[in-house]
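Biologist: I would like a close look at one part of this model, the nonpolar core, and at how the parts around it are arranged. Please take your time and keep the account connected.

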Amino acid sequence: MSFKCGIVGLPNVGKSTLFNALTNSSKAQAANFPFCTIEPNVGVVPVPDERLDKLVEISKSKKKINTTIEFVDIAGLVAGASKGEGLGNKFLSHIREVDAVIHMIRCFDSDDIQNVNPTVDPIRDLEIIETEMMLADLESIQKRLEKNNKKNVDEEQLKILEIASDCINNSKDIQILYEQFDKKLISQSGLLSLKPKIFVCNVDEASVQNGNKYTQAFIDKYGEKNTLIVSADIENQINQLENEEKENYMEMIGLKRTGLNMLIQKGYNILELDTYFTSGPEETRAWTIQKNCTAPKAAGEIHTDFEKGFIRAETIAYEDFIANDGWVNSKTNGKMRLEGKDYIVKDGDILNFRFNT
Ligand SMILES: Nc1ncnc2c1ncn2[C@@H]1O[C@H](COP(=O)(O)OP(=O)(O)OP(=O)(O)O)[C@@H](O)[C@H]1O
Ligand SMILES: [Mg+2]
């Protein structure tokens with residue numbers, strides 16, 4: 001299970017620059033003019049995980065396989081996009097396909113970098129984007145609620161669409177749907193306004209450590225939980241440095257972690273994901289699962305046969321695996337558990353599945 005994050009925002013705010021930084025490429029054209037990106041850029045990135053490296057060392061694995069995350073760099077949206085302004089409607093449909101939205105928001109002053117609005121105002125900018133997403137949702141809800149189409153919508157979805165429409169039309173908080181419905185059902189609705197979201201405040205070098213007046217105003221309103229302060233420009237430059245140089249530079253400007261690491265951590269949190277590992281001499285591999293997933297479901301990530309024929313999972317907690325130097329000693333020291341089909345997999349577990357075919 002790899003998850004897909006779409007980078008969304010006004011034109012020329014640094015979306016493609018961030019995309020290039022995250023995917024460590026120069027694949028997306030990033031340039032100082034609005035609507036530089038038209039077709040979406042897609043990049044798959046291995047999820048860095050220090051635990052994976054430790055496991056490779058202990059198991060003396062020939063191969064290391066990270067789990068992956070996909071980023072999509074989407075064209076800039078402007079007010080009226082849902083009605084065809086700017087690059088219009090088509091680009092809203094690219095957002096429909098992602099699991100989570102990364103809102104890229106300009107939080108830097110610059111006379112050089114064009115701004116489609118007369119001032120820097122992250123709160124207003126986010127409102128413009130969210131309004132367009134809501135308008136696109138309204139249109140899609142209306143279509144689905146029309147008499148002829150309604151019979152194709154199941155009851156639960158119908159309720160979601162009706163409540164969503166009421167929220168949008170009457171300026172109520174649409175997030176209340178999460179209190180009433182399972183998040184899987186909500187995601188099936190495909191509504192843009194209900195996608196899990198992360199806000200990335202794009203700042204200049206001087207503000208990477210402590211933010212600035214723009215990020216402060218934004219955090220005052222939207223809180224810190226889903227907000228990251230990142231400089232797309234700096235991240236991009238850092239990527240071009242060699243390892244040691246990179247560390248030195250990051251230390252110099254007070255950057256503890258890369259934007260990619262911060263985004264992945266937030267992404268796993270908001271999407272409620274965990275990682276488990278398989279590890280042996282052939283390979284060590286990380287697998288992404290939903291939090292609170294049972295052992296057979298986790299096995300199903302590897303192969304559906306593993307899920308269907310599941311018997312039990314040999315399980316070692318990450319700390320135990322490390323402390324006992326791998327499978328053999330963990331077993332001898334009583335740290336390996338045999339878990340059945342009701343076992344809820346914990347983040348970091350090392351698993352070996354027994355199954356019937
Ligand atoms: N933190 C930053 N500080 C200063 N300049 C930046 C920063 N981030 C990006 N830029 C610059 O902003 C300009 C626009 O960047 P980019 O092309 O990535 O924007 P975009 O959001 O992808 O635009 P579009 O919507 O047109 O595709 C580039 O010149 C880039 O170098
Ligand atoms: Mg772009």
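Biologist: Before you turn to the core, what share of the contacts in the chain with a separation of 6 or more comes from residues 24 or more positions apart?

Modeller: This is a predicted model, and in it residues 24 or more positions apart account for 69% of the contacts in the chain with a separation of 6 or more. The chain is built from 16 helices and 12 strands, and buried residues make up 36% of its 357 residues. For a chain of 357 residues, a compact globule would have a radius of gyration near 21 Å, and the 23 Å of this chain agrees with that; along the principal axes, the C-alpha trace spans about 70 × 60 × 35 Å.

Turning to the core itself, the largest nonpolar core has 80 residues, and those with the most contacts inside it are Ile7, Val8, Ile105, Val200 and Cys201. Helix H4, which covers residues 122–145, gives the most to this core, with 5 residues. Because domain 1 (3–270) and domain 2 (292–355) both give residues to the core, it lies between them.

Cys201 offers a view of the surroundings from inside the core: leaving aside neighbours within four places in sequence, Cys201 is in contact with Ile105, Cys107, Pro122, Tyr214, Thr215, Phe218, Thr227, Leu228 and Ile229. Among these partners, Ile105 is itself one of the residues with the most contacts inside the core.

The two domains named above come from the domain assignment of the chain, and their C-alpha centres lie 34 Å apart. Where they meet, 4 residues of domain 1 are in contact with 5 residues of domain 2, and the domain 1 side of that meeting divides into 1 nonpolar, 1 polar and 2 charged residues. For residues 272–355, an unreviewed UniProt entry gives the feature "domain: TGS"; over that stretch the chain is 30% helix and 37% strand, with the end C-alpha atoms 27 Å apart.

A residue that is not buried can be set beside the core. Pro46 lies in strand S2, residues 41–46, and is partly exposed, because 15 other C-beta atoms lie within 10 Å, whereas 20 or more would make a residue buried. Not counting residues up to four places away in sequence, Pro46 touches Asn66 and Thr68, while Pro46 and Thr67, 21 residues apart in sequence, are 5.8 Å apart in space from C-alpha to C-alpha.

Terms used. Residues numbered from 1 in each chain as written. Chains lettered and ligands numbered in written order. Predicted model: local features only at pLDDT ≥ 70, side-chain atom pairs only at ≥ 80, totals over all residues. Domains from an automatic or database assignment. Contact = placed C-beta atoms within 7 Å. Nonpolar A, V, L, I, M, F, W, Y, C, P; charged D, E, K, R; others polar. Core = buried A, V, L, I, M, F, W, Y, C linked by C-beta atoms within 7 Å. Buried ≥ 20, exposed ≤ 12 C-beta atoms within 10 Å, placed from the backbone. Helix = DSSP H or I, 4+ residues; strand = E, 2+ residues; numbered from the N terminus. UniProt positions renumbered as here; feature names shortened; annotations may be inferred. Rg over C-alpha atoms; globule rule 2.2 N^0.38 Å.
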